[in-house]
Amino acid sequence: ITLDPEFYSSEEPGGGGSYGWYQFSGACYCDFCFGSFLRDTGEKTIAADVPAAARSAWLEQQGQPKAYQAHLKKNVQLLARRLEQAVHAIDPDVLLGFLAVYEAGDFFARGLRDGFKTPDRPVLIWTETPTYNKGYHAYVDDVYAKFQGLGNVIYVPGLNLAKHGPQTLGIQARDLALHSDGYWVFSQQKKRFQDETNLTSFKAGNGEILKALSTSE
């Protein structure tokens, strides 16, 4: 089961900032997040004392931006852990994951990652860009190495069928899979999946994956 947070463009009222295409505008400074940080750190200041628009600057003045990011990550991780425990109480074999433009410095992605993964069950991370458009390149190796260092992460980069033709699909599928933990495919057009030339290309790529895996064994 993979969750898709859908970080599309939106505008927050009250000066909360804007989110571009899959881009974070920064930390959340709502009353809950900011207030819980103040309580957890033993601050005498309460959320009502600091207007929302001034909270980022207040944290800078206090030398607390990194601590605040860690607090946000912990909040997300706790929510994800509750979900993980509820799901695995029903079926302990289910793998959980999420779709993302994964950036190691983002509190939300890191919170989901560490809340979903357990010593017995790795977390699935299905990334989108930049492989959606570019396919396999050095970025994949870098991210895979980072996840291997963290442990208990299944890294699956994605391909957008609208950006890759049958001449390269099989090659991209092969290269992604052999430099990560697999690949996944996205398309808004069903006919792209049913296209015989695309299917032939995928079959050829998958055949090379199987051949490489059998050789490595």
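The questions and answers below go through the helices, the sheet and the core of one predicted protein model.

This is a predicted model in which local features need pLDDT of at least 70 and side-chain atom pairs count only at pLDDT 80 or more, while totals for chains, interfaces and linings use all residues. Residues are numbered from 1 along each chain as its sequence is written, and side-chain values use heavy atoms, with hydrogens and water left out.

Q: How many helices and strands are there in the protein chain?
A: Helices (H or I, at least four residues) and strands (E, at least two) are DSSP runs, numbered from the N terminus. Counted in this way, the protein chain holds nine helices and seven strands.

Q: In what order do the five strands of the open sheet stand?
A: Two strands pair if DSSP finds at least two bridges between them. The pairing in this open sheet is parallel, and strand S1 (2-3) and strand S7 (184-186) stand at the edges with a single partner strand each, so one side of each is left without a neighbour in the sheet. The order of the five strands is S1-S4-S5-S6-S7.

Q: Which residue in S5 stands opposite Phe98?
A: S4 has parallel pairings with S1, over two bridges, and with S5, over five bridges. In S4, Gly97 has Thr2 opposite, whereas the residue in S5 that stands opposite Phe98 is Ile125.

Q: How many of the five residues of S4 are buried?
A: Buried means under 20% relative accessible area, exposed over 50% and partly exposed in between (1.4 Å probe, protein chains only). Leu96, Phe98 and Ala100 point one way from S4, Gly97 and Leu99 point the other way, and all are buried. S4 is thus mostly covered, and the number of its residues that are buried is five of five.

Q: Which helix gives the most to the largest nonpolar core?
A: A nonpolar core is a set of buried Ala, Val, Leu, Ile, Met, Phe, Trp, Tyr and Cys residues joined through side-chain atoms within 4.5 Å. The largest one has 32 residues, and those with the most contacts inside it are Phe34, Tyr68, Phe98 and Phe116. Among the elements that each supply at least two residues are helix H1 (31-40), helix H3 (65-90) and strand S4 (96-100). The one that gives the most, with five residues, is H3.

Q: At what angle do H1 and H3 pack?
A: Axes are lines fitted to C-alpha atoms, for helices over the stretch in contact, and angles run from 0 to 180 degrees between N-to-C directions. The axes of H1 and H3 are 10 Å apart, and the residues that meet include Phe34 and Phe37 in H1 and Tyr68 and Leu72 in H3. H1 is roughly perpendicular to H3, a term for angles of 65 to 115 degrees (under 35 is roughly parallel, over 145 roughly antiparallel and the rest oblique). The angle between H1 and H3 is about 110°.

Q: How far apart in space are Val156 and Gly182, C-alpha to C-alpha?
A: Val156 has its place in strand S6 and is buried, with a relative accessible area of 8%. Contact means heavy atoms within 4.5 Å, and, not counting residues up to four places away in sequence, Val156 touches Ile125, Trp126, Thr127, Gly182, Tyr183 and Trp184. Although Val156 and Gly182 are 26 residues apart in sequence, their C-alpha to C-alpha distance is 5.2 Å.
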